[in-house]
Amino acid sequence: MTQPLKSRFTLNDLRSARSLGRKIPMLTCYDYTTARLMHAAAVPSLLVGDSAANVILGHDTTLPISLDFLIELTAAVRRGAPLALLVGDMPFGSYQGDPGLGCENVFKMVKQTGCDCVKLEVTPDHAPLVKRLADAGVAVMAHLGLRPQSVNVLGGYRFQGRSVGEAQHIIQAAQRMTDAGASALLLEAVPNEVSAAVVARTNLPVIGCGAGPACDGHVVVLHDIAGLTPHQPRFAPPIGDLTSAWQKVLQKYVQDIDSGQYPLPQHGYEMPLDQAKILAGLQQ
Ligand code: KIV
């Protein structure tokens, strides 16, 4: 049986895992109750991803989710998992425009949630913003490869870095982010060769999401591996079936009410006997 985390898992732990060649698991998490389970299972690092737009809110893309909603979720996860390395995701529109406003929004995320790191989907043009944040003391995880917030420009959720030219763009962007002072990189949906090249060219910890075994850690959407989403990406096959477990509980509840097995008298509250007698008398 895994023991809960005993001390804080920090960016330094991520860095030393990289130098020791130890791979770090990261999972998405969006609520307090699940965060407590993550804590008990000693999951060292959690991402409150804007994928909450899909799995929590039911949108087709991550674009509609708001900063305030992600802040609420991130703070809830912090309360449930006080020792995990917590990554807060900056949603679409919160940092792509005016860099001053981008900084303000990042500071708001850090102050109001207690997250350890913020994740931004970046192009090389974001290097000045990443530098400004790093200079201000913010740990930035720079998200490269498939950037779902740019789905309309990318023309769909296709893996990135399929040609040498595309791969070189990603490798160069990773270099720019390293030079700008990012604390970690996240590579989503790129071929194994591309992640291996990025890992070889940076000393930052590299978290992969469908980016192959060379990465220093791996993140997936919890609902995918728990068997809660109808279509998993190929890199996140289900390793459990929480859909069946939930269905069992929900169906039993419906049946128990239907058959009168719930609620039974012992599930209710008892009135003091003297009060019950008076009430019964009043009814006659
Ligand atoms: O929002 C998210 O969950 C993510 C991961 C899939 C990397 O960005």
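A residue is taken to be near a molecule if one of its heavy atoms lies within 4 Å of that molecule. The structure is a predicted model, in which local features need pLDDT of at least 70 and side-chain atom pairs pLDDT 80 or more, whereas totals for chains, interfaces and linings use all residues. Residues are numbered from 1 along each chain as its sequence is written, and side-chain values use heavy atoms, without hydrogens and water.

By this criterion, the ligand is surrounded by Thr28, Leu47, Gly49, Asp50, Ser51, Asp89, Lys119, His143, Leu186, Glu188 and Cys209. Polar contacts are pairs of N or O atoms within 3.5 Å. Oxygen atoms of the ligand lie 2.5 Å from a side-chain N or O atom of Ser51, 2.9 Å from a polar side-chain atom of Asp50 and 3.0 Å from a side-chain N or O atom of Lys119. The protein covers 94% of the 260 Å² of accessible area that the ligand has on its own, as computed by the Shrake-Rupley method with a 1.4 Å probe.

Backbone geometry was examined next. Most residues other than glycine have a negative phi, and most peptide bonds are trans. Tyr262 and Pro263 are joined by a cis peptide bond with omega of about -5 degrees. Ala42, although not a glycine, has a positive phi of about 60 degrees; Ala42 is partly exposed (between 20% and 50% relative accessible area, 1.4 Å probe, protein chains only), at 21%. Ala189, also not a glycine, has a positive phi of about 50 degrees, and Ala189 is buried (under 20%), with a relative accessible area of 11%.

Conventions
A polar contact is a pair of N or O atoms within 3.5 Å; within protein, one must be able to donate a hydrogen and the other to accept it, and residues adjacent in sequence count only if both atoms are side-chain atoms.
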